[in-house]
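Biologist: Hey, can you walk me through this one? I'd like to go piece by piece.

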Amino acid sequence: MVTFIGAGPGAVDLITVRGKTLLETADIVIYAGSLVNPGLLDYTKKTCEIFNSAEMTLEQVIAVMERGEREQKSTVRLHTGDPSIYGAIREQMDMLIERGIEYTVVPGVSSFCGAAAALKAEYTLPDVSQTLILTRMEGRTPVPEREEISKLASHKSSMALFLSSSLLEELSRRLVAGGYEANTPAAIVYKATWPDEKIVRTCVGELYTAAKENNINKTALILVGDFLGSEYSRSKLYDPTFSHEFREAVK
Ligand code: SAH
């Protein structure tokens, strides 16, 4: 059996209980060494074979899983954050299906959640934004034309940008071209929930300078939107004058 597990954003105690239990019993672990906290490997048993996928091709990863299956071992594929976001798990799952190998997926805390916690922020504020866009600038992986940043920016929603912290001049340009004011609040969260986490509060127009001043060019999320500002409306859910399924309005 192969299990894809979300390792969480960094801190070793932010993996799920289920993920940790599976790590503790795994015979083989293939972890994404570029971003997964190696401290998580301390949960594995002494005899566990460990592979760093940063040094491997897809074919090599699958070959390790296939061998594990032949030897009736339990294999954990450990991905950073939640595996469904920029995890490249689909291609692995499809190759396992072709080979008749069973697998399951255990979710993880994505870095966009870790970053919000670090900032003590809420993405979905009444009268500010009820939408969070998760996206990225194109790199070696292209982004479909219809999802180009300036098009997404026209919504002026809350936005979390992955894999983009080395492209901030162009990112700012596109965000402003799309509709955000240059002074819209923004934040750069480097290594959210890691011991060396760094938070830089800035605005859309200053992203590049702010990152440069703080020597940040990787392992960071860029968060953009008025949810980082001070204005919002109270929720209806906890409004004393509002009744709902579980509570009568206070008269
Ligand atoms: N599956 C992961 C994302 C992998 S893509 C998740 O759910 O978080 C890798 C990108 O994620 C990095 O370039 C960076 O933008 C972001 N990232 C991952 N971990 C991070 C962290 N602890 N703090 C800030 N950004 C992080």
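**Salt bridges and domains**

Modeller: Sure. Going by the salt-bridge rule, the count for this protein comes to 16. Keep in mind that this is a predicted model.

Biologist: Okay, show me one. Which side chain does lysine 73 meet in a salt bridge?

Modeller: That's glutamate 49, with 3.5 Å from N to O.

Biologist: And where do those two sit in the chain?

Modeller: Lysine 73 is in the loop between helix 2 (58–70) and strand 4 (75–79), while glutamate 49 is in strand 3 (residues 49–52). They are 24 residues apart, and the pair links distant parts of the chain.

Biologist: Switching topic: how is the protein divided up?

Modeller: Into domain 1, covering 2–106, and domain 2, covering 111–228. The centres of the two domains, taken over C-alpha atoms, are separated by 28 Å.

Biologist: How many residues are in contact between domain 1 and domain 2?

Modeller: On the domain 1 side there are 11, and they are in contact with 12 residues of domain 2. Together the two domains bury about 810 Å² between them, and 73% of that is on carbon and sulfur atoms.

Biologist: Which three residues supply 60% of the area that domain 1 buries there?

Modeller: Pro9, Ile85 and Tyr86. That's more than any other three residues supply on the domain 1 side.

Biologist: Back to salt bridges for a sec. How many does the rule find across the interface of domain 1 and domain 2?

Modeller: It finds 0 salt bridges there. For polar contact, the rule finds 3 residue pairs across that interface, counting pairs with both residues at pLDDT 80 or more.

Biologist: What about the classes of residue on the side of domain 1 that touches domain 2?

Modeller: That side has 8 nonpolar residues, 3 polar ones and no charged ones.

Biologist: Let's zoom in. Where is threonine 193?

Modeller: Threonine 193 is in the loop between strand 8 (185–190) and strand 9 (198–203).

Biologist: And what does the side chain of threonine 193 reach?

Modeller: The backbone nitrogen of alanine 11, at 3.1 Å. Leaving out residues up to four places away in sequence, threonine 193 touches Pro9, Gly10, Ala11, Leu14 and Gly114.

Biologist: Last one: what does UniProt list for residues 1–207?

Modeller: The unreviewed UniProt entry lists that stretch as "domain: Tetrapyrrole methylase". Over residues 1–207 the chain is 28% helix and 21% strand, with the end C-alpha atoms 44 Å apart.

Key
Residues are numbered from 1 along each chain as its sequence is written. This is a predicted model: local features need pLDDT of at least 70, side-chain atom pairs count only at pLDDT 80 or more; totals for chains, interfaces and linings use all residues. Side-chain values use heavy atoms; hydrogens and water are left out. Domain bounds come from an automatic or database domain assignment. Contact means heavy atoms within 4.5 Å. Buried area is the accessible area (1.4 Å probe) that two parts lose on being put together, summed over both. A salt bridge is a side-chain nitrogen of Lys or Arg within 4 Å of a carboxyl oxygen of Asp or Glu. A polar contact is a pair of N or O atoms within 3.5 Å; within protein, one must be able to donate a hydrogen and the other to accept it, and residues adjacent in sequence count only if both atoms are side-chain atoms. Ala, Val, Leu, Ile, Met, Phe, Trp, Tyr, Cys and Pro count as nonpolar, Asp, Glu, Lys and Arg as charged, and the others, Gly among them, as polar. UniProt positions are given in the numbering used here, feature names are shortened, and annotations may be inferred rather than shown by experiment. Helices (H or I, at least four residues) and strands (E, at least two) are DSSP runs, numbered from the N terminus.
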